[in-house]
Amino acid sequence: MARTPAWEGAYRDYFVARQRSLMRTAYAVLGSWPAAEDAVQTAFTQLYVHWPRIQPGAVDTYARRTVVHACFRMAKVRGREPAVDRLPDQPVPGPESGLARLDLMQALAGLSPKARAVIALRFLDDLSVAEVAAVLDLPEGTVKSQTARALDRLQAVLATPEPIEGNHHDR
Amino acid sequence: MTAEQLVRDQLDRATRDVAGGPDLAASIRLGRRQRLRRRAGLALAAVAVVGAGAVGVGTALSGDSPTTARDNPATDAGVADAPRAEDYVPGTDIDERMAATVAAHLPELPAADDVYPSDADHRGPMPDAEFAQATDWQAAYTTPSSQVLVIMALAEEVTQPFACDGCTATRAPGGTLYRQKFTSGDEQWFGVYFARDDGSMVNAFEHVPLGNAADRVFTDRQFEALVQDPALTFG
């Protein structure tokens, strides 16, 4: 007789396939790998609890939403502003502006958790405005405006002698 | 390069070397426990129609499909092994005795997903370490087509005279047997309860998806024999 639910294999596969990506998203929001690990662990537990009722095509959205909201709770409850871990000391290729030479994670620390989530979902997970809106339960217009404001803020914080021409096109 | 592209590149670099990560075994273990609690919460409202006598008995059946289980290699691998004495709660043999009694009556069942102590303050398991304070014990099972829950409760758990809405009642030696069918959400439930004259109680439930009553593995008669077994007591 079966001892585990039939869907558990799919859950395991999803965990293996997506845990790294979700860790990166959580880190972008929280600025700390241990905190990201806690948030993603919590999210995967919740994902297990609700897995049988999640539509197959909606798993990614559900998982991201759960991770992001776990991040929000952690940021709120612990009063954690991104305690930026030591970042990989990698050279920035190319002759681009000073933005690339500066520490984006420190700049992100100046944004609200929601703004960091918008930036992470848009530019790390490469989601469309509509997809970000679905994850965050926000109107698309709000996502667009928050993205623009967050980018402006990042540009302001990371301003360098070589100005950058902002381009806030939405997909 | 646009600001967007620079942010993309920086984010990619800053998050590329992932440090640590969630633990799959922990996610499953914690998820199973939470599913059990969640199902207990969902079921409580349904079982409330049974009557005041069942209040506080956190049943662990719900509309969700399977399962909860203690982690062990055989379980996780889905190995179809025979029920065996598994120590679900260290420090007591109530769990083993309960599982053995259920297995004797319902040999079709696999090993229990979980056997755990509970009380009126917990919908589902209470911490194992507090088993001495338990006022009921519950054993949860998953078959390929249904879920089964057996609850044995002390008399002190039953705070009011038993009243079972919509039940058929039959007098039996030492107590009264009740049968009940009801739906909760998209689930069809089958319950058989034995209210002993001393106030203690044993409940057995099986539920299947609504409209799939034929998927039920056990009969009321099998449950009646089970709930009347005098071995299903503790304390």
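Which polar side-chain atom lies 3.5 Å from the backbone nitrogen of A:Leu104? Good morning, colleagues. The atom in question belongs to the side chain of B:Gln10. Before I place that residue, I should state that what we are viewing is a predicted model.

B:Gln10 is part of helix H1 of chain B, which covers residues 3-16. Its relative accessible area is 8%, so B:Gln10 counts as buried. Here, then, a buried glutamine of chain B has a polar side-chain atom 3.5 Å from the backbone nitrogen of a leucine in chain A.

Let me now turn to chain B as a whole. It has five helices and seven strands. Reading from the N terminus, the order of elements is α-α-α-α-β-β-β-β-β-β-β-α. Of the 235 residues in this chain, 57% are buried. The accessible surface of chain B is about 9,100 Å², and carbon and sulfur atoms contribute 54% of that area. As for contacts in chain B with a separation of 6 or more, 59% are between residues 24 or more positions apart.

I should like to spend some time on three of the strands, beginning with E2 of chain B, residues 136-142. How many of its residues are buried? Seven of the seven are, and the strand is mostly covered. On one side, the residues B:Asp136, B:Gln138, B:Ala140 and B:Thr142 point away from E2(B). B:Trp137, B:Ala139 and B:Tyr141 point the other way, and the residues of both sets are buried.

E2(B) pairs with strand E1 of chain B, residues 114-118, in the antiparallel sense, over five bridges. Within that pairing, B:Ala139 of E2(B) has B:Val115 opposite. E2(B) also runs antiparallel to strand E3 of chain B, residues 147-153, and seven bridges join the two. One position to look at is B:Ala140, whose bridge partner in E3(B) is B:Leu149. The connection from E2(B) to E3(B) is a hairpin through four residues.

Why is E1(B) described as largely enclosed by the rest of the structure? The reason is that five of its five residues are buried. B:Asp114, B:Tyr116 and B:Ser118 point one way from this strand, B:Val115 and B:Pro117 point the other way, and all are buried.

Further along the chain is strand E5 of chain B, residues 175-184, which contains B:Gln180. With a relative accessible area of 5%, B:Gln180 is buried. The side chain of B:Gln180 is in polar contact with the side chain of B:Tyr193, at 2.8 Å.

Next, I would draw your attention to B:His105, in helix H4 of chain B, residues 94-105. Is this histidine buried or partly exposed? Its relative accessible area is 24%, and because buried means under 20%, B:His105 is classed as partly exposed. Leaving aside residues up to four places away in sequence, B:His105 touches B:Gln222, B:Ala225, B:Leu226 and B:Asp229. One of these, B:Ala225, is 120 residues from B:His105 in sequence, yet the C-alpha atoms of the two are 7.3 Å apart. Elsewhere in chain B, the charged end of B:Arg216 sits over the ring of B:Phe223, 5.4 Å from the ring centre.

I close with chain A. Over all chains, a search of the whole structure finds eleven aromatic pairs. In chain A, one aromatic cluster is formed by A:Trp7, A:Tyr11, A:Tyr14, A:Phe15, A:Phe44, A:Tyr48 and A:Trp51.

Two aspartates of this chain also deserve a look for their backbone angles. A:Asp126 has a phi near 60°, a positive value in a residue other than glycine. A:Asp126 is in the loop between helix H5 (113-124) and helix H6 (129-136) of chain A. Its relative accessibility is 41%, so A:Asp126 counts as partly exposed. For A:Asp137, phi is near 55°, again a positive value in a residue other than glycine. This residue occupies the loop between H6 and helix H7 (140-157) of chain A. A:Asp137 is exposed, at a relative accessible area of 54%.

Thank you for your attention.

Terms used. Residues are numbered from 1 along each chain as its sequence is written. Chains are lettered from A and ligands numbered from 1 in the order in which they are written. This is a predicted model: local features need pLDDT of at least 70, side-chain atom pairs count only at pLDDT 80 or more; totals for chains, interfaces and linings use all residues. Side-chain values use heavy atoms; hydrogens and water are left out. Rings of Phe, Tyr and Trp (its six-membered ring) pair if their centres lie within 6.5 Å; planes under 30 degrees apart count as stacked, over 60 as edge-to-face and the rest as tilted. A charge sits over a ring if NZ of Lys or CZ of Arg is within 6 Å of the ring centre and within 35 degrees of the ring normal. Buried means under 20% relative accessible area, exposed over 50%, partly exposed in between (1.4 Å probe, protein chains only). Two strands pair if DSSP finds at least two bridges between them. Contact means heavy atoms within 4.5 Å. Accessible areas come from the Shrake-Rupley method with a 1.4 Å probe; for residues, only the protein chains shown count as cover. A polar contact is a pair of N or O atoms within 3.5 Å; within protein, one must be able to donate a hydrogen and the other to accept it, and residues adjacent in sequence count only if both atoms are side-chain atoms.
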